[in-house]
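Please open the structure in your viewer and keep the selection panel at hand. The tour below proceeds from one selection to the next.

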Amino acid sequence: MSSRTSKKKASSSVSIVGMGYVGLCTAATFASRGITTRGVDVDQERIRQISQGRAPIHEPRLEGMLKVAVKRKLLKVSTETSDIADSTTTFLTVGTPSRTDGSIDLTFVRLATEQIAKTLAQKEDYHLVVVKSTVVPGTTNGIVRPILEAYSHKKAGQEIGLAANPEFLKEGTAIDDALNPDKIIIGANDEKSRDHLTRLYKDFYRRKLPPILVMVPEAAELVKYASNAFLATKISFINTIASVCQRTPGVDVNQIAEAIGHDPRIGPLFLKAGPGYGGSCFHKDLQAIIHYAKEKGFDAVLLRATEETNENQAEQVVELAQKILGTLGQKRIAILGLSFKKDTDDIREAASIRVINKLHEKGAEIVAYDPMAVRNTKKSLPYRIDFAQDSRSALEGADCAVIMTEWDEFKRLREKDFKALMRNANIVDARRIFQPSDFEHSNYQGIGIGT
Ligand code: UGA
């Protein structure tokens, strides 16, 4: 393919391979800044939806941005990897799912890299390939680089560039996170790759440019795991303290979290005790880094404990229900909230599923409600439970309500609602959305409250 890339285009055209959660949000934000963006995915149905400006996933702001981008022809999507040739930078954002031993499956990374490389073999101009997928240290240099060089017949660092550039997007605020990141991590082996990517981000963020930290690819890859491992550990830490609080009358974990959070070395964020972390990243990434460390001959005991604490946290929730009800067999339990956090329909690794499984094992009769995640839960549970149309009908006739997700609509419920609708007003607040003082005439138990 002949070179048609003008100087202006050099800093203003990107392509994204893998139109999943990260790829789609990244593509939408690039396009929103007037940068010509090409999106590629093997899933035809997904590409069809995106090309009509529809978002195949639920993420605030995303669909609106996609509509504008498609209409203004700033975002073009297809199933043809060869379409990346028009851009100067390709971001690899394909999935890296878990294998049963915790390690990551690099099948999609390998396949996509091969396709990208075959296209680059035909291209004369310099082209940078950026690994944004979450991959363990050594993947960019040890897996991506040899495939890229073999199929493009070019040398990374010379005719083509290669960099690792992890993302830190949170579900529900991904667009805002992409537009206002706290840092940019660039892992590069050579100056040209580093400078090319730095220039792209400088053009993108302009006056709002966050700190750019440059390191070797292996370090950049590890930053992502260290970040998620630290956040997950913070949650398991506060959940550990919550379990201690539950056994200490008069003590509330929220007070402890607030107090320790004043110490700037600790900080107030991510210290909300709850039913345990969920979502597609923490568990997967913790397992991957534990597995990686093990392969390197190191037992990451702390991270194993983080995961074990999280797994056990579901039992803490069930124990609170048992504390009120005694046995759970035949008891009707209303589960309010199924998604792993509010404002999403995502139930991957959600604590609600762990709690439902335990209640089911103990013979409880379960009725669940969630504003968005019922459909996904129905698909994933291997047994039948009841689903309610709204929170009020879920509460009707229930022996106990367990609040599993901090949806705003649950916060609007009052003690009188629970008393009027339930057989007995027994509440387990696994998210601490209420104040115990609001439930003086009910049996209220909350995570981390010592009674
Ligand atoms: C997480 C990280 O926060 C992102 O920085 C990262 O980019 C992303 O994973 C990823 O690797 O892709 P996300 O999974 O969207 O983002 O959700 P979070 O908001 O981090 O929440 C994760 C879980 O922790 C939720 O179940 C949430 O309820 C729980 N959580 C969070 C707590 O129980 N307590 C807290 O104080 C905070």
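Which residues come nearest among those around the ligand? Before making the selection, please note that this is a predicted model. Select the ligand together with Glu171, Lys224, Asn228, Cys281 and Arg431, which come nearest of the 20 residues around the ligand.

**The ligand and its polar partners**

Display the side chains of three basic positions in turn. At lysine 224, a polar side-chain atom lies 2.7 Å from an oxygen atom of the ligand. At arginine 431, the distance from a polar side-chain atom to a ligand oxygen is 2.8 Å. At lysine 341, an N or O atom of the side chain is 2.9 Å from an oxygen atom of the ligand. Next, show the surface: on its own the ligand has 720 Å² of accessible area, and the protein covers 91% of this.

**The shell around the ligand**

Now select the whole shell and colour it by residue class. Its residues comprise 10 nonpolar, 2 polar and 8 charged. Which elements give two or more residues to this shell? They are α9, residues 217-246, and α11, residues 282-295. The largest share, 4 residues, comes from α9.

**From α9 to α11**

Keep α9 selected and add α11. The axes of these helices are 9 Å apart, and the packing angle is about 115°. The crossing is left-handed. On the α9 side, select Leu222, Lys224, Tyr225, Asn228, Ala229, Leu231, Ala232 and Ile235; these meet Phe282, Asp285, Leu286, Ala288 and Ile289 of α11. The residues of this contact divide into 10 nonpolar, 1 polar and 2 charged. Two names recur from the opening selection: Lys224 and Asn228 are listed among the residues that come nearest to the ligand, and both belong to the α9 side of this contact.

**From α9 to α12**

Hide α11 and show α12, residues 301-325. Here the axes of α9 and α12 come within 9 Å and cross at roughly 40°. This crossing, too, is left-handed. From α9, the residues to select are Ala229, Ala232, Thr233, Ser236, Asn239, Thr240, Ser243 and Gln246. Their counterparts in α12 are Leu302, Leu303, Thr306, Thr309, Asn310, Gln313, Gln316, Leu320 and Lys323. By class, the contact of α9 with α12 has 5 nonpolar, 11 polar and 1 charged residues.

To close, centre the view on Ala229 and Ala232. Both take part in the contact of α9 with α11, and both also meet α12.

Conventions. Residues are numbered from 1 along each chain as its sequence is written. This is a predicted model: local features need pLDDT of at least 70, side-chain atom pairs count only at pLDDT 80 or more; totals for chains, interfaces and linings use all residues. Side-chain values use heavy atoms; hydrogens and water are left out. A residue is near a molecule or strand if one of its heavy atoms lies within 4 Å of it. A polar contact is a pair of N or O atoms within 3.5 Å; within protein, one must be able to donate a hydrogen and the other to accept it, and residues adjacent in sequence count only if both atoms are side-chain atoms. Accessible areas come from the Shrake-Rupley method with a 1.4 Å probe; for residues, only the protein chains shown count as cover. Ala, Val, Leu, Ile, Met, Phe, Trp, Tyr, Cys and Pro count as nonpolar, Asp, Glu, Lys and Arg as charged, and the others, Gly among them, as polar. Axes are lines fitted to C-alpha atoms, for helices over the stretch in contact, and angles run from 0 to 180 degrees between N-to-C directions. A crossing is left-handed if the near helix is turned anticlockwise from the far one by less than a right angle, and right-handed if clockwise. Contact means heavy atoms within 4.5 Å.
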